[in-house]
Each structure stands twice: as C-alpha cells, then as structure tokens.
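Me: Please take a close look at a single part of this model, beginning with the local backbone and working outwards. I should like one connected account, with the numerical basis given wherever a conclusion depends on it.

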Amino acid sequence: MSGGIIVTPWGPTYGGEAVARLTVADDGSASGPFVGSSAFMRMSVQRKGLPPTRSFLDGHEWPATGVRSETTLSPDDVGEWVHMFAIGVQVPDLFCRVDWGENGAYRLWLMDTGVTSWATADYAKGHTEYPVVQSGPRRLWDELETAWHWWDQQGRPGFARFGLTVGNGGEHVWLDSPDQPVPLRAAQCDSDCGWDHR
C-alpha cells in the first residue's frame with residue numbers, strides 16, 4: 001500500500017546488518033534510510049549456508065598456491081559492524097572467517113560464495129604491516145581494500161547515511177540519496193574484469 005512503512009533488518013553476506021525503514025511508493029517499490037545497526041539473531045532458515053574453508057584449498061594446506069604480499073590496512077579496520085556493512089554492500093559475494101591465534105593475533109579469511117578465490121590477512125598487535133596471501137582468479141583482499149578506501153573517502157559514514165531501495169529491478173544500497181547508489185565492485189581477475197558502477 002502506497003505510503004506504508006516497512007521496518008526490517010537487512011545486511012550483506014560479509015556482515016554488518018542494519019535496520020532499514022522503507023516507505024512504499026505508488027509503483028510498489030520501497031525506499032528509505034537505515035536507522036541503526038541490528039543485532040537480531042537470525043532464525044535458522046535465514047542463516048546463510050556458506051561453503052566451508054576446506055572447499056577453497058582443494059585438499060592442500062595453507063598457503064597452497066597463494067600469492068604473498070603485504071598491506072598497511074589492518075585487518076582490525078575491516079571487522080567492526082559498520083566496516084563490514086560498507087565493504088559487504090560493495091562486494092556482495094564476499095564473506096569472512098577468523099582463525100584465532102595467541103596474544104590477540106588472528107588470521108582473517110576472505111572467500112567468495114562462488115568458491116573461486118580466497119585471501120588471508122594476518123593480524124598481530126603492534127604491527128603496521130600485515131602479511132596477505134591471495135589465491136584464485138580474483139584478488140579478494142584487493143577488492144576489500146578498494147571498498148574500504150571508498151568508504152574512507154566518503155568520510156567513513158555510519159549506518160544513518162546509507163539507505164535501501166527495493167523494487168522490480170532488485171535492491172540497491174545508496175549513500176545520502178537514492179540517486180547515489182553505492183558502487184558494486186565487480187570481480188577483479190587476472191584477466192579483464194572491470195568495475196560495475198551500475
């Protein structure tokens with residue numbers, strides 16, 4: 001019904017769920033801002049069935065065929081709720097897991113839902129550079145970094161600056177206004193893969 005209000009939790013696969021307050025338009029589409037983070041526990045039927053880490057290593061031990069590099073972006077800067085939201089809406093098929101080590105150290109795993117590529121970034125307290133390993137046709141850490149830098153360049157917006165539009169053409173997240181969609185990051189491959197800015 002036109003003018004009706006829908007309040008619902010919504011979040012990308014990577015994490016960082018928020019509550020959207022959508023107003024229904026005459027054409028049946030709905031649009032509105034996010035009004036804050038959401039900490040609702042999902043029902044079992046709502047939980048994402050993500051592939052296990054072993055699916056990506058093809059029977060090999062880490063680092064398998066991964067390519068090593070380093071980053072100055074700390075894994076700690078991509079794991080808070082708003083970080084995960086901002087990254088996840090740009091790279092919708094990205095998800096993560098964490099392997100904890102000693103003294104607060106951990107390995108952040110990045111994987112895609114298509115089971116084509118993976119990356120790891122190792123965090124240790126007091127460090128300013130972090131080892132990265134990436135494997136597969138995509139460079140998932142690079143995709144994540146690009147998404148994080150976009151969020152940083154926008155002034156590190158919180159949930160209240162984001163919004164959601166849902167209609168016949170699907171759903172898209174925007175920043176500040178429905179006519180400013182958040183860019184979707186297409187797969188970055190070793191071959192020709194570009195950006196999809198819709």
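**Helix α3 and its surroundings**

Reply: Just after α3, Gly155 adopts a positive phi of about 90 degrees. This is a predicted model, and every value below is computed from it. The helix itself comprises residues 140–153. Its length can be checked against its residue count: at 1.5 Å a residue, the 14 residues of α3 should span 20 Å, and the end C-alpha atoms are indeed 20 Å apart, so the two figures agree. The buried residues of α3 are Leu140, Trp141, Glu143, Leu144, Glu145, Ala147, Trp148, Trp150 and Trp151; two of the names in that list are glutamates, Glu143 and Glu145.

From the helix, the account leads to the core. The largest nonpolar core has 39 residues, and within it Phe34 and Phe162 touch the most other members. Helix α3 is the element that gives the most to this core, contributing seven residues. Apart from this core lies another, of seven residues, including Phe95, Trp109, Trp118 and Val133.

The surroundings of Phe34 can be listed in detail. With residues up to four places away in sequence not counted, Phe34 touches Trp10, Ala18, Val19, Ala20, Phe85, Phe159, Ala160, Phe162, Gly163, Leu164 and Val173. The two phenylalanines named for the core, Phe34 and Phe162, are therefore themselves in contact, given that heavy atoms within 4.5 Å define a contact.

Phe34 belongs to the range of strand β3 (residues 30–37), and Phe162 to that of strand β9 (residues 162–167); these strands pair in the antiparallel sense over four bridges. Gly32 stands opposite Leu164 in β9. The pair is part of an open sheet of five strands in the order β1-β2-β3-β9-β10, with antiparallel pairing. At the edges are β1 (5–10) and β10 (170–175), each of which pairs on one side only. From one strand to the next, the twist averages 25 degrees.

The loop that leads into β3 deserves attention as well. Ser29 lies between β2 (18–24) and β3. Its relative accessibility is 18%; because this is under the 20% limit, Ser29 counts as buried. A polar contact of 2.6 Å joins the side chains of Ser29 and Asp27. Leaving aside neighbours within four places in sequence, Ser29 is in contact with Thr23, Val24, Val166 and Gly167.

One of these partners, Val166, lies in strand β9. With a relative accessible area of 30%, Val166 is partly exposed. Val166 and Ser31 are 135 residues apart in sequence, yet their C-alpha atoms are 6.3 Å apart in space. With neighbours within four places in sequence set aside, the contacts of Val166 are Leu22, Ser29, Ala30 and Glu171.

The other core can be followed through the strands around β7. All six residues of β7 (residues 118–123) are buried, so this strand is largely enclosed by the rest of the structure. Both faces are covered: Trp118, Thr120 and Asp122 are buried on one side, and Ala119, Ala121 and Tyr123 on the other. Strands β6 and β7 run antiparallel and are joined by six bridges, with Trp109 opposite Thr120. Their hairpin has five residues between the strands, and Val115 in it takes a positive phi near 55 degrees. On to β8 (residues 130–135), β7 makes four bridges, also in the antiparallel sense; there the bridge partner of Thr120 is Val133. This hairpin has six residues between its strands, and Gly126 in the turn has a positive phi of about 85 degrees. Trp109, Trp118 and Val133, met along these strands, are among the members of the seven-residue core.

Some further backbone features lie in loops. Between α1 (54–57) and β4 (67–71) is Pro63, and the peptide bond from Trp62 to Pro63 is cis, with omega near 10 degrees. Asp58 is found in that loop between α1 and β4; it has a positive phi of about 50 degrees although it is not a glycine, and it is exposed at 64% relative accessible area. Asn103, in the loop between β5 (94–100) and β6 (106–112), likewise has a positive phi, near 55 degrees, and is exposed at 70%.

Technical notes: Residues are numbered from 1 along each chain as its sequence is written. This is a predicted model: local features need pLDDT of at least 70, side-chain atom pairs count only at pLDDT 80 or more; totals for chains, interfaces and linings use all residues. Side-chain values use heavy atoms; hydrogens and water are left out. A nonpolar core is a set of buried Ala, Val, Leu, Ile, Met, Phe, Trp, Tyr and Cys residues joined through side-chain atoms within 4.5 Å. Buried means under 20% relative accessible area, exposed over 50%, partly exposed in between (1.4 Å probe, protein chains only). Two strands pair if DSSP finds at least two bridges between them. Axes are lines fitted to C-alpha atoms, for helices over the stretch in contact, and angles run from 0 to 180 degrees between N-to-C directions. The expected span of a helix is 1.5 Å times one less than its number of residues. A polar contact is a pair of N or O atoms within 3.5 Å; within protein, one must be able to donate a hydrogen and the other to accept it, and residues adjacent in sequence count only if both atoms are side-chain atoms.
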